[in-house]
Amino acid sequence: MAVDMRGRHLVSLHDFTAEEVRQVLATGHLMKLRWKAGETYAPLRGKTLGMIFQKSSTRTRISFEVGMFQLGGHALFLSANDLQLKRGETIADTARVLSRYVQGIMIRAYDHQDVVDLATHSSVPVINGLSDHLHPCQALADLMTLEEKFGRLAGLQLVYVGDGNNVAHSLLYGCAKTGVNIAVASPPGYTPDPGVVERARADAEATGAKIEVVTDPREVLPRAHAIYTDVWVSMGQDAERERRLRDLQPYQVNAALMAGARPDAIFLHCLPAHRGEEVTDDVIDSKRSAVLDEAENRLHVQKAVLALVM
């Protein structure tokens with residue numbers, strides 16, 4: 001390893017150096033090659049990952065649980081109902097207690113501050129499996145997928161279309177760290193956090209990545225190597241559903257929008273997809289869609305994170 005990452009938290013990709021992000025991606029590719037070749041690699045034998053789930057999950061739970069098994073370790077699923085958090089135990093006390101039992105903690109939370117507080121008080125690595133502000137593991141899987149498809153990252157153009165949410169935030173950081181140009185196309189009121197954009201632009205100074213926030217995706221589509229979107233109504237936003245569907249409808253990724261991108265452009269989505277809303281069937285089921293590769297790469301890139309920090 002070029003950089004010793006043992007003991008590091010993964011709360012935000014902004015906290016990682018460009019070299020550390022590259023090391024995670026390189027390790028993820030190696031993990032995938034080893035697994036496909038049938039090799040056994042178990043550096044986490046005897047170690048346990050505590051997995052806190054305040055939000056339900058398909059990909060996050062399965063990929064982390066399977067990943068720990070493949071690395072020789074054990075994953076312990078802890079739903080909100082399994083912990084004393086709902087009965088008033090603080091995040092700080094939970095972090096201190098779990099640190100005595102497990103060698104790493106993954107949390108999928110509503111409030112990003114819960115992830116920050118957990119990392120602040122934990123003496124073992126804490127991995128952000130998703131919060132309302134960031135989704136770093138997803139962005140790492142997206143970057144790994146882009147690198148597989150195009151053989152490089154620096155100089156590629158990613159266009160994110162729709163709600164400038166937690167996924168968009170982590171993509172801004174991840175692209176800035178790896179030299180990928182990113183444009184987020186969102187309607188007014190749905191643009192990414194200005195602080196995230198500012199920090200991503202600061203990160204991009206070292207890599208030359210171009211960070212753009214636009215309202216019309218057609219401004220940047222002709223340059224796009226990848227078109228990315230996410231659901232318009234996330235968990236906890238049901239009261240805003242009708243307004244969000246109305247405001248974001250012009251940002252649907254459909255065949256007409258994809259036709260404006262480069263001929264070799266791929267489609268990306270973190271899943272689950274709400275078909276007929278943010279994306280149409282003829283796009284997500286097309287040969288240009290790489291969503292299943294992304295989903296698979298969650299497993300391998302998270303194995304890389306686990307092996308590097310635990």
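Two strands count as paired if DSSP finds at least two bridges between them. Keep that rule at hand for this tour of a predicted model.

**Stop 1: strands 5 and 6**

Select strand 5 (residues 157–161) together with strand 6 (residues 181–185). The two pair in the parallel sense over 5 bridges. To see one of these matches, pick valine 159, whose bridge partner in strand 6 is alanine 183.

Now colour strand 6 by burial. 5 of its 5 residues are buried, so the strand is largely enclosed by the rest of the structure. Show the side chains too: Asn181, Ala183 and Ala185 point one way, Ile182 and Val184 the other way. In a regular strand, side chains alternate between the two faces of the sheet.

**Stop 2: the whole sheet**

Zoom out to take in the open sheet of 5 strands, which run in the order 7-6-5-8-9 with parallel pairing. Which strands stand at the edges? They are strand 7 (211–214) and strand 9 (266–269); each has a single partner strand, so one side of each is left without a neighbour in the sheet. Look along the sheet for its twist, which averages 20° from one strand to the next.

On the other side of strand 5, select strand 8 (residues 226–229), which is joined to strand 5 by 3 bridges and runs parallel to it. Tyrosine 160 has tyrosine 228 of strand 8 as its bridge partner. Remember tyrosine 228, as it returns at the next stop.

**Stop 3: helix 5 and aspartate 142**

Select helix 5 (residues 136–150). This helix lies across strand 8 and strand 9, at about 165° to strand 9. Its 15 residues reach 21 Å from first C-alpha to last, close to the 21 Å expected. Helix 5 is mostly covered, with 13 of its 15 residues buried. Just after the helix, click on glycine 151, which takes a positive phi of about 75°.

Inside helix 5, centre on aspartate 142. What does this residue touch, leaving aside residues up to four places away in sequence? The contacts are Leu171, Tyr228 and Glu294. Aspartate 142 is buried yet has no salt bridge. The nearest side chain of opposite charge belongs to arginine 298, 7.8 Å away, whereas a salt bridge needs the nitrogen and oxygen within 4 Å.

**Stop 4: salt bridges**

Stay on helix 5 and move to glutamate 148, which forms a salt bridge with lysine 32, the closest N and O atoms being 2.8 Å apart. Lysine 32 sits in helix 1 (residues 18–36), so the pair ties together parts that are 116 residues apart in sequence. Glutamate 148 is partly exposed at 33% relative accessible area, while lysine 32 counts as buried at 11%.

For another pair, select aspartate 4 and arginine 6, whose side chains meet at 2.6 Å, N to O. Then highlight Asp163, Glu240, Arg243, Arg244, Arg246 and Asp247, which are linked in a network of salt bridges. The count for the model comes to 22 salt bridges.

**Stop 5: strand 3 and its partners**

Finish at strand 3 (residues 104–108), where 5 of the 5 residues are buried, so this strand too is largely enclosed by the rest of the structure. Gly104, Met106 and Arg108 point one way and Ile105 and Ile107 the other. Strand 1 (residues 48–53) pairs with strand 3 in the parallel sense over 5 bridges, with isoleucine 52 partnered by isoleucine 107. Strand 4 (residues 126–130) is joined to strand 3 by 4 bridges and also runs parallel to it; there, isoleucine 105 stands opposite valine 126.

Technical notes:
Residues are numbered from 1 along each chain as its sequence is written. This is a predicted model: local features need pLDDT of at least 70, side-chain atom pairs count only at pLDDT 80 or more; totals for chains, interfaces and linings use all residues. Side-chain values use heavy atoms; hydrogens and water are left out. Buried means under 20% relative accessible area, exposed over 50%, partly exposed in between (1.4 Å probe, protein chains only). Lys and Arg count as positive and Asp and Glu as negative; His and the chain ends are not counted. Contact means heavy atoms within 4.5 Å. Axes are lines fitted to C-alpha atoms, for helices over the stretch in contact, and angles run from 0 to 180 degrees between N-to-C directions. The expected span of a helix is 1.5 Å times one less than its number of residues.
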